[in-house]
Amino acid sequence: MVESMAHLQEEKLRLQQELLALQEKLSARENEEIAVSVQLQGQVANLKANLLDQAEEISRLRSELGGTDLEKHRDLLAAENERLRQEMKACEGELRALRQQQQQAPCLACEHVQENGRLQERLAQLQREVEEARAKLSELDLEVQQKTNRLAEVELRLKDSLAEKAEEEERLSRRLRDSQETIASLKSQPQQIKYIIKTVEVESSKAKQALCESQSRNQYLQEQVGMQRQVLKEMEQQLQSSQKTAAQLRAQIMMYEAELERAHGQMLEEMQAMEDEKNRAIEEAFSRAQVEMKAVHENLAGVRTNLLTLQPALRTLTNDYNSLKRQVRDFPLLLQETLRSARLEIGQAIEEVNSTNRELLRKYRRELQLRKKCHNELVRLKGNIRVFGRVRPITKEDGEGAEATNAVTFDPDDDAVLHLMHKGKQVSFELDKVFPPQATQEDVFQEVQALVTSCIDGYNVCIFAYGQTGAGKTYTMEGTSANPGINQRALQLLFAEVRGKAADWDYGITVSVAEIYNEALRDLLGKEPQEKLEIKLCPDGSGQLYVPGLTEFRVQSVEDINKVFEFGHVNRATECTNLNEHSSRSHALLIVTVRGLDRSTGLRTTGKLNLVDLAGSERVGRSGAEGSRLREAQYINKSLSALGDVIYALRSRQGHVPFRNSKLTYLLQDSLSGDSKTLMMVQVSPAEKNSSETLCSLKFAERVRSVELGPVSRKAELASWPSQEQLEVTAPPGALPG
């Protein structure tokens, strides 16, 4: 019972506080309305001051421009200003009446204050427009005054000119009369004064000339008078246009007066609406207070009724509280047991997920290898050019700092993908195989040895290295004496394969070494390395190419190979550039021909292995090439550009492929036209400063990879050795040079 009474007391206090807040809100609204009234009064005073200033301005203008044609317009404006002043007095009276009404019954609706603000803004806008009209009128008055002054000056100058003209004419007339009188008096005198008469006649002619000059000057002054009259006419026209403008301004002022009258009517209507709204708000607040008081009484009766039913509920709540207290006491033990079991279940689930992930990763890698194997087989069947990429390590020639940072990264799950960071963006490339910098010469040759051995079976094979200067092409193809490259390893593999088949087959291996230097094909094993050779088609109609005069040596051991390489390397053109200390200035070709005879079946096979070390592509500005080096670079870039054109034509399946645009592409025609297995080893530099060249090389590699040459064919026959041997071997195989 005591709690119920306390609750009723609190409810009563809350209602009293709400009534006090409502009274404070009403007082605040009354203060806001008083402030708005004061603001309106200030604006009315400002408007009155503006009207007084306008009246003074009109009086000043009348005093300065009295007697002009615009005086009537100024008088009209003064009358209009007086009428506006009377209307402002009426507005002040209405404002005082409105203030008295507000003091008697203050308004509670704050929305009317906003409406008053809008009306005040409209009134201020009308005042600004009146000010603009007054400014325009002042400008017109000033312009009229200036034109009037100019007209007066022109009239004064005209009067002065006329006066000067009259004086000059009078002076000349007097001189003419004097001269005529003198002539007449002299003629009446005797013959002895004849000389004097002639002198006077001469003077009279001078007077006539002065009279002509005066007449011409008079004519000039008349023209000036005509021009001044024209100017006066133009000024009168401008004055008329000024009068029209003043009429337009009067029309605008009349429109502004209509706006003021309409605003005044709207203000009266809004004031009446504010009064009605105020009365309605008071009635609503009173009725709402009555309803709330009635609700309070009803709540009090409900509380008294509920108080009788609270005691059983209180007993029930007490029992529930004691039960919950016992459960809270036992909750920590239950929570620990639950957490322990949850940890065990989560650990088991994590272990199962980890094992599942390991199994999925193992299956993914197995499927990845299977997919790569299937892809390689598909590429082989379609006859695509296979493309391997090799990234050389960072060397001291790359320098230090930001330019020598590594810009190439590799995919840990796919050895056919590499990523290049170029200008802050990562670009990804997918090739058939990618060799990182730590890959050895054995790793590289292990991937290409299957192609090398296929030439023993009668297939044509072409392996060529492509890339910028200093990317490691010569190292990959030739290597060093301690760590040989693809060339020497390929011949060693061929010797091993030949020895393995010696029981059934007879094989002969011959080697030719040539280079393309400045678009000239040269034999590096010949007696005259500087002699230029030509590429021709075989006359047997097979469509194969051969080089008449190209020296061919028979090799049978590793020592023979070393002698051939040493002799050919001495004659090859190399030079130092800014990009590479020993830059290859020509395209080097190692042509290995393997001819076999199956003694049991009489089957003859002919396979050719072309190992090409292309000259490095370079930008002339970076390589620092000059003179003959510049000409070499131009020929190199031209031949590589021709190779790009051939690749584009093959990729887009064009009817004409421009093999003949360069000696390089013409010599590689049988390796790029679908009759051989072709592999391109693209060499790239990982240094940041070479990222642009690396990007170009990798893009070219992707285009080469998409070229389909068609299924390769095997060169085998059951007949005797073809006459092609005599065509290809101009010098019979013999002893090695040196």
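Here are some exercises with worked solutions on the predicted model shown above.

**Exercise 1. Get an overview of the chain: how many helices and strands does it have, and what share of its residues counts as buried?**

Start with the secondary structure: the protein chain holds 14 helices and 18 strands. Next, turn to burial, where 38% of the 738 residues count as buried. Then look at the surface, which comes to about 43,200 Å², with carbon and sulfur atoms supplying 53% of it. Finally, consider the contacts with a separation of 6 or more: 75% of them are made by residues 24 or more positions apart.

**Exercise 2. Work out the layout of the open sheet that contains strands 2, 3 and 4. Which strands lie at its edges?**

First, write down the order, which is 2-3-4, with antiparallel pairing. As a reminder, strands of a sheet pair through backbone hydrogen bonds, either parallel or antiparallel. Now find the edges: strand 2 (408–410) and strand 4 (425–430) each pair on one side only. For the geometry, neighbouring strands of this sheet are turned by 25° against each other on average, direction ignored. To finish, follow one pairing in detail. Strand 3 (residues 417–422) is joined to the antiparallel strand 4 by 6 bridges, and His419 has Ser428 as its bridge partner in strand 4.

**Exercise 3. Trace the pairings of strand 15. Which residues are the bridge partners on the way from Gly508 to Arg595 and on to Thr606?**

Begin with strand 15 itself (residues 587–598), where 11 of its 12 residues are buried. One partner is strand 7 (residues 505–517), which runs antiparallel to strand 15 and is joined to it by 12 bridges. Within that pairing, Gly508 is matched with Arg595 of strand 15. Another partner is strand 16 (residues 604–613), again antiparallel, this time over 10 bridges. Here Arg595 meets Thr606 of strand 16. Arg595 is thus a handy landmark, with Gly508 as one bridge partner and Thr606 as another. Last, visit the turn: the hairpin of strands 15 and 16 has 5 residues between the strands, and Gly602 takes a positive phi near 75°.

**Exercise 4. Examine the annotated binding site at Ala471 and Lys473. Are these two residues buried or exposed?**

Step one is the record: an unreviewed UniProt entry gives the annotation "binding site" to Gly467, Gln468, Thr469, Gly470, Ala471, Gly472, Lys473 and Thr474. Step two is location. Ala471 sits in the loop between strand 6 (460–467) and helix 6 (473–477), while Lys473 belongs to helix 6. Step three is burial, for which the cut-off is under 20% relative accessible area. Ala471 is buried because its relative accessibility is 0%. Lys473 is buried too, because its relative accessible area is 6%. Step four is contacts, leaving out residues up to four places away in sequence. Ala471 is in contact with Arg392, Gln683, Val684 and Ser685. The contacts of Lys473 include Ala465, Tyr466, Asp613, Leu614 and Gln683. Gln683 therefore appears in both contact lists, a good residue to pick out on screen.

**Exercise 5. Check the cysteines: how many disulfides does the whole structure have, and how do Cys212 and Cys455 compare in exposure?**

A search of the whole structure finds 0 disulfides. For Cys212, the relative accessible area is 47%, so this residue is partly exposed. For Cys455, the value is 0%, so this residue is buried.

Terms used:
Residues numbered from 1 in each chain as written. Predicted model: local features only at pLDDT ≥ 70, side-chain atom pairs only at ≥ 80, totals over all residues. Heavy atoms only, no water. Pairing = 2+ DSSP bridges. Helix = DSSP H or I, 4+ residues; strand = E, 2+ residues; numbered from the N terminus. Axes fitted to C-alpha atoms, helices over the stretch in contact; angles between N-to-C directions. UniProt positions renumbered as here; feature names shortened; annotations may be inferred. Buried < 20%, exposed > 50% of the residue type's maximum accessible area, 1.4 Å probe, protein only. Contact = heavy atoms within 4.5 Å. Areas by Shrake-Rupley, 256 points an atom, 1.4 Å probe, with all protein chains shown as cover. Disulfide = S-S within 2.5 Å.
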